[in-house]
Amino acid sequence: MNFIETRGNDGKNPIEVTFSEAILSPMSSFGGLYAPKTLPKLGEEFLRAHLHASYKEVAKAILEAFEIDIDSKIVDQALALYDRFDDPQDPVPVVKLYEDLYISELYHGPTRAFKDMAIQPFGLILSSLAQQRNEEYLILAATSGDTGPATLESFKNRANVRVACLYPDGGTSDVQRLQMVTEDGRNLKVIGIRGDFDDAQNALKTLLVSEKFNQTLEQQQIHLSAANSVNFGRIIFQTIYHIYSYLALVRQDAIEIGEKVYLDVPSGNFGNALGGYYAMKMGLPVEQILIASNRNNVLTKLIREGIYDLRHLHVVPTTSPAMDILKSSNVERVLFDLFGAERTKALMRQLDQEKYYELTAEELAQLQSIFAADYCDDDEGKAYIKQAFEQGYLMEPHTATCLKPYETSRAKPELKTIAYSTAEWTKFSPTVANALTGEEDATDLEALQSVSKLAGIEVPPQIQKLFTLPIVQDTVIDKTEIEPTIIDFLAH
């Protein structure tokens, strides 16, 4: 299967590229992205054939359906990394919260967040490709809190790759920050920037297409790629758990094969939701995808009104910081799939130049046939955390935002809903402690101990040990210093 460009071709890039080419060089003509030329069809026959398959077996079958140009042995090695999750037999538990609401827990990997689901196998595949080609790669990552730790963990000490990870200083939880600044891999550089996630992501995209930066790397015989969800290597793995979670509901006798469900996704950069969209397009029986936002609710406005308007907005810090994003990169791939490259290029150019675009009435109707949306403020989120805990379920603030569209946005409430838990409570323990006990100003360590005692749940060792590790990555800079800081890292 080949990949094509979301904003059309500029005559310099190939018209189509393979999967390996798309993940090694993820940015395309006119600053666009790569998207599949076609999608495989995985209807009821596929679901029935894989009803009792393991996660790795489902993943392997989906990757084979995409016909990716990666050696089967490398794919097997990549998928074997799911054996490092809490339960190798069930790396993505699906847990019943209410009669019509199930939680797909995506956080049981090494960094306790859903990014492990995609970045663990993606890292091995990219490093293997680099070794096969005898090439050196710089992997850029911009993080709002979870991509960074997952990327650093996946690429740590892997051959032929170095990683520069940008995060907004003060814009992540303490645990997320500690997961990054305590990483001691010889091929890793963690860079705090004075700004927000959009600043970090804009810097990443600028560097990916910068002729000057690429020429500097070329002189050192270093190629450039990215670990963010602008890279389809991330997205392909994010389609899998939507299909697996549906099959889990069938195995639990909650639904029958062919019965439609809602997918309820907390959304920042829209990669998780895009995975659900592709799964739906491939044949997963989905009634609609519910998009949950926090107060940075640009996606709610887009889906409800057809307007993407950043003109008078700035990122609002919330208790769900991984969603504190205004410019959601993967919306572009949905626009491309629905409206084509020419229209996508025009909309993205308008957003870049004017910080605004508006869909036509017909385009909005198409979007609303697939998505519905609502947003959840911090107080509502904490109320949902407490409500779920009273039902015997412990959740964190990003997962809690899903409860809002679950309550407000389902036209067919008789259908079951799968909501996605994108992080473990340990990564945001002060907010969870405040929601459950009212305690304020607790440190992460104090809150971890408080919630652990209240819930009777042990803090995982990989979280507990963070508070005793030395800080080895202490770089914090202004946005203007990013490029020279990365070049200096590569020189040593």
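This briefing walks you through a sheet, a helix and a loop residue. Keep in mind that the model is predicted. The sheet is open and has 6 strands, helix H23 turns its buried residues to one face, and Gln473 is a buried residue in a loop.

**The sheet**
- Following the sheet across, you meet its strands in the order E3-E4-E14-E9-E10-E13, and their pairing is mixed.
- Strands E3 (94-98) and E13 (371-375) are the edges: each has a single partner strand, so one side of each lacks a neighbour in the sheet.
- From one strand to the next, the twist averages 25°.
- Strands of a sheet pair through backbone hydrogen bonds, in either a parallel or an antiparallel way.
- For a parallel example, look at E9 (residues 261-266) and E10 (residues 286-293), which pair over 6 bridges.
- Within E10, Ile291 is the residue opposite Val265.
- Helix H11 (residues 240-251) packs on this sheet and touches E3, E4, E9 and E14. The direction of H11 makes about 130° with that of E14.

**Helix H23**
- In this helix (residues 482-490), the buried residues are Ile482, Glu483, Thr485, Ile486, Phe489 and Leu490.
- Looking down the axis of H23, you find these buried residues within an arc of 165°, so they line one face of the helix.

**Gln473 in its loop**
- Gln473 sits between helix H22 (461-464) and strand E15 (475-477).
- Its relative accessibility is 9%, below the 20% cut-off, so Gln473 counts as buried.
- The side chain of Gln473 has a polar atom 3.2 Å from the backbone oxygen of Glu183, and this side chain also reaches the backbone nitrogen of Val190 at 3.0 Å.
- Beyond its neighbours within four places in sequence, Gln473 has contacts that include Met180, Val181 and Leu188.

Note on methods
Residues numbered from 1 in each chain as written. Predicted model: local features only at pLDDT ≥ 70, side-chain atom pairs only at ≥ 80, totals over all residues. Heavy atoms only, no water. Pairing = 2+ DSSP bridges. Helix = DSSP H or I, 4+ residues; strand = E, 2+ residues; numbered from the N terminus. Axes fitted to C-alpha atoms, helices over the stretch in contact; angles between N-to-C directions. Contact = heavy atoms within 4.5 Å. Buried < 20%, exposed > 50% of the residue type's maximum accessible area, 1.4 Å probe, protein only. Arc of directions from axis to C-beta. Polar contact = N/O pair within 3.5 Å; in protein donor to acceptor, adjacent residues only side chain to side chain.
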